[in-house]
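Reader: I am new to this structure. Please take one part, look at it closely, and lead me on from there.

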Amino acid sequence: MEKKLSSVAKTLSPSPIQQLSYLAQECDAINLAEGFPDFPAPSSVKEAAISAINSDFNQYRHVQGICEFVARKMKQLQGIDVDPSTDVVICCGQSEAFAAASFAIIDPGDEVILFDPSYETYDTCIRLAGGVPVYVALDPPHWTLSQDRFEKSFSEKTKALVLNSPHNPTGKVFSTDDLRIIAAACKKRDVFAITDEVYEHLTYDDTPHVSLASLPEMQRRTIITSSLSKTFSVTGWRIGWAVAPSRIASAIRNIHIKITDSAPAPFQEAALSALASPPSYFDSLRREYTSKRDAMVNLLIRIGFKTVFIPRGSVFVFAELPPSCPLSDCEFVEKLIKEAGVVAVPGSGFFHCRNGEYCRRYIRFAFCKSHHTLASASEKMMGLVDDETGHFRLLF
Ligand SMILES: Cc1ncc(COP(=O)(O)O)c(C=O)c1O
């Protein structure tokens with residue numbers, strides 16, 4: 001019967017991290033791989049969820065208050081007018097919002113432009129909708145957008161592009177110039193933009209998060225997707241949203257209802273408490289994450305990584321193996337697990353333009369971890385530094 005699987009399902013296989021995660025479990029490795037926090041969510045938000053469960057919010061539910069908060073935040077932070085009664089769709093995380101958005105706008109054969117490297121989920125959703133992903137490589141080491149290459153990637157069949165900023169896996173925050181180039185092309189070619197803004201509150205060094213939708217004439221063609229997951233350390237609660245002009249939002253809502261009906265009721269209730277957090281919450285989140293980012297960058301530099309690109313957003317450092325390292329990214333991570341008891345993600349799974357040798361030279365380290373976890377990982381990795389040469393054994 002496997003032969004009867006859908007053509008897209010047949011192409012799906014475990015990512016490098018899924019394969020290595022068994023080994024990581026066996027070795028009880030410290031997890032710097034996955035992008036979820038290992039520290040508690042805010043107590044007030046957890047209390048709100050407990051109270052919602054105790055109040056028997058157990059059935060399918062739509063909590064309109066979330067839409068009101070999201071619309072208000074859009075106005076405050078991005079200067080965009082969003083109608084909470086029509087333009088916001090509550091979904092099961094950004095993941096479902098993205099899938100529903102893809103199904104809402106993509107027809108078989110439509111091309112969708114993505115930047116490479118890229119978070120893995122988009123590709124599958126686009127292909128399940130019958131679309132054809134078209135990748136535009138960002139240039140290392142600063143993951144620069146080549147305007148020429150980008151503009152040449154459009155064709156008559158281009159229906160949409162995907163922009164994830166702050167970016168997984170690199171931590172790049174697309175600059176205002178990048179956004180202007182992207183917006184100009186979207187308008188010229190009359191295409192949609194789907195943005196993934198899950199790291200909107202995790203930017204560092206005073207780097208602002210600017211939504212593509214806030215650029216002139218872009219709101220009418222942009223579907224913003226985001227969620228509670230990263231901002232409130234609740235990736236398992238599955239609360240997210242899509243924001244789009246009413247006709248498009250309505251199509252996304254119809255699809256969302258057919259796929260999942262509604263996001264988890266008690267966690268929608270708790271989202272009201274999360275979204276009402278004062279500005280001080282977001283400031284201290286940023287401060288905490290900046291210190292975690294710095295700790296991770298410093299550790300990697302100390303052991304010999306070429307971390308020339310300092311992430312200005314997200315929760316990842318995408319570090320390049322130095323030329324002295326004879327190992328590929330997957331071999332490096334395997335040894336890191338076995339010899340240091342630490343797991344990270346081989347970068348090759350994020351690349352789709354397979355024409356560059358550099359695709360096997362990056363390792364993604366997640367720093368959305370407690371200071372204790374980061375210190376333990378540092379101790380274990382420093383344990384592999386040779387006393388005489390000062391070299392980290394896996395890199396030289
Ligand atoms: C760029 C990006 N988008 C989306 C997600 C998933 O978001 P959600 O939990 O809201 O589905 C992740 C999780 O790692 C991510 O890195």
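**Around the ligand, then the sheets**

Author: Start with helix H5, residues 93-105. In this predicted model, H5 gives the largest share of the shell around the ligand, with 3 residues. The shell has 13 residues, and those that come nearest are Gly93, Gln94, Ser95, Ser227 and Ser229. By class, 10 of the shell residues are polar, 2 are nonpolar and 1 is charged.

Now turn to the sheets. One is an open sheet of 7 strands with mixed pairing. Read across it, and the order is S2-S8-S7-S6-S5-S3-S4. Strand S2 (88-91) and strand S4 (132-137) stand at the edges. Each has a single partner strand, so one side of each has no neighbour in the sheet. From one strand to the next, the twist averages 20°. Look inside this sheet at strand S3 (residues 111-116) and strand S5 (residues 158-164): they run parallel, joined by 3 bridges. Val112 has Ala160 in S5 as its bridge partner.

Another open sheet has 3 strands, in the order S9-S12-S11, with antiparallel pairing. Its edge strands are S9 (316-320) and S11 (345-346), and each pairs on one side only. Two helices belong in this picture. Helix H11 (residues 279-302) packs on the sheet and touches S9 and S12. The direction of H11 makes about 15° with that of S9. Helix H12 (residues 329-340) lies across S11 and S12, at about 45° to S12. Between S11 and S12 (residues 362-366) there are 2 bridges. There, Pro346 stands opposite Ile363 in S12.

Methods: Residues numbered from 1 in each chain as written. Predicted model: local features only at pLDDT ≥ 70, side-chain atom pairs only at ≥ 80, totals over all residues. Near = placed C-beta within 6 Å. Helix = DSSP H or I, 4+ residues; strand = E, 2+ residues; numbered from the N terminus. Nonpolar A, V, L, I, M, F, W, Y, C, P; charged D, E, K, R; others polar. Pairing = 2+ DSSP bridges. Axes fitted to C-alpha atoms, helices over the stretch in contact; angles between N-to-C directions. Contact = placed C-beta atoms within 7 Å.
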